[in-house]
Amino acid sequence: MLRRTGILLLVVAVLAVGGLASCAGPAGEASYKVGVIASQTGPYSGLGLPALEGMELIADGINENGGIDGIPLELIVYDDKGSSTETALAAKRLIEVDGVLAFACSTATGLSHSLVPVANDLRTPGIIMSGTGLINDQLGEWCFKPIASEDDYIPLPLGYLADDQGVSKLAGLLENSGYGEGGEFYLAKVAPDCGIAIVETQHFDPAASDLTPQLTNIKNSDAEAIFIWGSGPAGALAVKQAREMGISLHIVTTPAQASPSYVESFQEYYEMAPSLVCLDSKLSMWRQLADDDPDKAMCREFDELYIEIYGHSPSMWNAIGAQIIQFIADGLERAEPDPTKLEEARGKVRDAFESTTGLSLFMGTYTLSPTDHYGRVVPKEVLVTFKDGEKVLVKTFS
Amino acid sequence: MLDLSAILQFFISGVNLGCIYAAIGLGLFVVYGVTGVLNLAQGEFVMLGGMLTVAFYTAGTALVPSLLMAVIIAALVGAMLYRLIIYPARNSSGSTLVFLTLGFAFATEGIALSVWGWEFKSLPSFWGSPNIQLWGATIFGQTPWVVGTTLLLVIGLFFFFGHTIHGKALRACADEPLGARTVGISTDQMALFSFVLAASLGAVVGAVITPLTMTGYGVGMPLTIKGLLAALVGGINRAEGVILGGMALGMAEAISAGLMPSGYHGVIALGILIVVFLSRPRGLLVAPGKV
Amino acid sequence: MRTVKEKIRALLSGREHRMVLALFAVVLMTVPLVAGPYGVIVMVDVGLYSIVTMGLILLMGFAGQISLGQGVFFGLGAYMSGIITTRCGLSPWLVLLVAAVAAGAVAIVVGRALVRLRGLIVAGVTLALNLVFCSLVVSLRDLTGGATGLPLIPRLPLGGFAPSNTLFSYYVVWIVAILLLVFSLNLVNSRTGRALKSVNLLAGGSEDTAQVLGVDIIRYKVQVFAVGAIYASIAGSLYAHYTGCIEPGAFGVHFSVLVAIMAIIGGMTSPWGAFLGAGLIVSVNEALREVMPAVVGGSTGAYELIAYGSILVATLLFLPQGLMSIWRRLQPQERFR
Amino acid sequence: MSEKGKQRDTEEQAILEIRDVSVAYDGLVAVNGVSFCVRRGDIIAIIGPNGAGKTTLLKLITGLLRPSGGEIWLKQQRVDRVAPHRIASLGVTQVFQDIQLFSNMSVVENVMAGCHVWTGASFLSTGLRLPHSRAEERNISDTALRKLSLVGLGQKAFYSPSSLSWGEQKRVGLARALAAGADLLLLDEPYGGLIAEEIGKLSQLLLELQHRGITILMVEQLTDVVLDIANQVVVLRYGEKIADGTAAEIQGNEQVIATYLGNGPLEGDER
């Protein structure tokens, strides 16, 4: 009987904790609270966890230097668990319970998409870092997407294929996800301008482990190059399997395939001729940037700091996380909001974000306006290839 | 556009996938056959096998000892799952037991993530086995290892269940628990053994497929789902059914990925599966007696 | 001491539940007055999950049909509401009803095929159907918005205007949930409820006996499948209008399994179990979100997952029949064991 | 009475007619060319050793099995291809040997479940508790209580079936069948497992039911008890009918004596 009563009490206690937790309201303190929703578990944790690392580094750096106008920056982090329902719930919790001035999310397109109505409903600025331009026109008054869309950066690899390699026929090998959908849409849109025709389109599931059927179809088409567009391990497997099948076409890939763990595992295949080129950020290539490159110093500083703190060079996802916080910090600095007057402060922060002008970060230079929440981006993507275990810079936006 | 080498390539891909799914399904079969529990943590053993082998291997251990250690640890985890979770709840309903294994799977996934991080890991093909070119199609160096392992597992299980005292005892527990007990077979011991066996099988499979598919903390659940579908479509009561189911699923996936309009292959592969389910409601091989 | 006859009458007329129901309704209607805005937000989710779980409990707990595919019908409701209201501008309320009827019709077709299959196989087919559904949503990009999601779904209107989303959604969801609870309670304490229980192979039913007593087992199994689908579809429509943007991941196997967990944890012997299960799982999630950062700090996702799995295991070990079994144990001995 | 007249007479009185019915499963012939007639208002006993096909025969009548040959006529309708629930709605129900009470329902709910066949409220009307369904439920509960009292278990209405003794469970099973209002009741070994006192009570109850116009067809092994109350006895062996007649006629039948006195093997697989 005692055991049963114990169980009952336990259950009641758990429910009560949950209840209390949900009832607590925002508490006004003298810090700038910024919410972060990251995929820490689930299929997109490979995007969320590294981004989180970068975010924390920047936030710590700001606070060590006395915060923003003397006010410390406080990151409040929740897991989106790879679910849009959880993503939305986490955002609402950040807004209603934690009283954040703004929140940021770096994860899959579908999930970040579900934040747009939350930010607009609850009138809190939301920064979403989905890598696709498909949702640019749906951001509303309160959402911002300060990151390049596909049509900003794919001219770089397509230009390389057309101009440097003389490719005119391209096959797309695309992930079945919001990211892949963006890729498919914009490849079709941009390629003709570069003088390239898309002659074959194949899709794969994010968890696919055998892409030989798709690669066979590409092999049997008259494509001269493959654009592998994916965010997880399947994209890297595609590179490996294509080379194992003896497909000697040019391969271009999205940045995820340049993640160190894939490059390390599949170095042999990444380095097979004809060379594979991969989109990447200036950050990881700063040593090879021209000395007059305006971003070189910034990248070097961050890289050295990163190695000091975490013991490894930052990847592109680390950089994306870092620059979200830099973007928010820039806005906070200009808005000078009073964190105790939440509603007014959020409005000010939003206005500040809208007036972001020429903000130069790792992945681009951003200029936003009240009518344009993704802004005119000057992208800073670079093309790299792999040689003797090293990444080699191939091309930058000039 | 379509030539024979392409068809051959789809076929090879189907066999490859089919073997993976069948091998996972076999782990489900062993536990289900003996204890009647649908073990949704089977994929986690596959994950553990892969991740542990990678961990030992990258630490400098040779491949075989790495794999052995991984299998031993996975087997211990399997024993733990039975002793700490399934055994205390053995009188609960089947659905409660299923969700107990699911809870265990979540926790295992979380532990793997906190220990090894999110990165996907790979291994080189075993002993650097080379790719084989066959009439214009490619067989990856690791594929023969995968197929061979699955075959060995099947043969091993048949021999084990058919010809060893232990195996016969397991079979008896499955068919007639009460009768088994009266002739002195400890159903408890056998159930424990089935979990250990399934965990070891899973771990071996996990290590063998890693060079082909990579492994990460979260690969378990998707693999469990594939293995479950394979086992159910073929008939989870018989090893032959599981193998056939795995092959059917693998083939359906590979062929629809190769021949169907891209973008619809997921729908078509699973659509084929559902049609098979509906047309052979007791599994591809009709199991005698119970369903 | 009431006579047996009075007790049966009370049970049948729903009098037995009436007090509890009234109390439940009153408490729920006053929640927004005492809980903070986030409490209301969480409760909207609890309500939506409860509706789907209730349908699953009728299906699984009463008729003994396992389903790992409730996400299909939740998704059907959501996508039908989302697509039709954004494209045709019809009234969301009307579309909600149309979607529910359509989901029920789909369920009847699917149910007819499923009814010949046995327990685990049904689980397998429903699982496969759920995977197919999500793939299909991604494939039919022009219609559904694909994996990127379907945005700009209008809010539920009230008369001429669209009221504050959260609070209004709260009341809509919970009024629907309570109405469906009443419907479910009526159902289970009636001719149809007994017929469903009589075919439940998971818990004490017998198909042979049911048939010789005149129960058309195929018809009942198909119809209860449709009822479960309609519940899920209604919840799906409400969800679509509430979130305003839907993506296929929300209707995947993950969702179906979550709902099944809620049903198991809550207890499948009564529709009330749905509220207990959904309430507990959502509360545990929220509690972990609240507590874990203080315990481990930094990125807590992995530890939350470990804790969630452990709590699931612990609850099922101590309460294998779910939370409703506590209630059962508190009942006078004569009723049930 | 002429031969022809007798036949017409049986047809009119027959509630159930089995014509040359056979069934085989797994290659085993369980019932082979069995024919007999059941007159309205009689108590018929089917006896025979294990494996004689008695239980199979009941399943054929209720439609749970389909015969591979022959015809079954129930109240002038051919029913051997009709679904079991439709046969039930023609006024036939069965109590299984193992009773099969629904353990997920209380005793009274079990009996109420028996009323299913003569009620008709749908999902919608029961869920919404429309007046029609409310009246029906009242009717059901009254009937169930009456039947429960008839078998003497009125006070245990809310017990769980598993808490009852075997004898009590049998009575609940009978009450549930009676609640269905069937005029042809099939009982599979109703005396099995009962103590002496209960056996007498059951016989009395069956005779009372007969008095109310219910036809009873039972399968039994306890031959002496059933011979006391049965109007007609059918003897099966290895799936074939070897005798059919009144108790007195059967007791004089040589084949029956041979079967029961040990010349024929008594064992076999009970299907």
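**Note on a predicted complex: chain contacts, one helix and chain D**

1. In this predicted model, 37 residues of chain B are in contact with 32 residues of chain C; two residues count as in contact if their C-beta atoms, placed from the backbone, lie within 7 Å. The elements giving two or more residues to chain B's side are α4 (94-116), α9 and α11 (265-279) of chain B. Of these, α4(B) supplies the largest share, 13 residues. Helices (H or I, at least four residues) and strands (E, at least two) are DSSP runs numbered from the N terminus.

2. By class, the side of chain B that touches chain C has 26 nonpolar residues, 10 polar and one charged. Ala, Val, Leu, Ile, Met, Phe, Trp, Tyr, Cys and Pro count as nonpolar, Asp, Glu, Lys and Arg as charged, and the others, Gly among them, as polar.

3. Conventions: residues are numbered from 1 along each chain as its sequence is written, and chains are lettered from A and ligands numbered from 1 in the order in which they are written. Because the model is predicted, local features need pLDDT of at least 70 and side-chain atom pairs count only at pLDDT 80 or more, while totals for chains, interfaces and linings use all residues.

4. Four pairs of chains are in contact, and chains A and C share the most contacts. No contact joins chain A and chain D, whose closest C-alpha atoms are 21 Å apart. Chains B and D also have no contact, with closest C-alpha atoms 11 Å apart. The predictor gives the complex an ipTM of 0.90 and a pTM of 0.92.

5. Helix α9 (residues 220-234) of chain B has 15 residues and reaches 21 Å from first C-alpha to last, close to the 21 Å expected at 1.5 Å times one less than its number of residues. Because 14 of its 15 residues are buried, α9(B) is largely enclosed by the rest of the structure; buried requires 20 or more other C-beta atoms within 10 Å of the residue's own, with C-beta atoms placed from the backbone. Just after α9(B), Gly235(B) has a positive phi of about 105 degrees.

6. Chain D averages a pLDDT (the predictor's confidence in each residue, from 0 to 100) of 85, and 92% of the residues score at least 70. Among its elements, helix α1 (residues 3-13) has the lowest mean, 53, and strand β7 (residues 184-188) the highest, 93. Over residues 263-271 of chain D, pLDDT stays under 50.

Terms used: A residue is buried if 20 or more other C-beta atoms lie within 10 Å of its own, exposed if 12 or fewer, and partly exposed in between; C-beta atoms are placed from the backbone.
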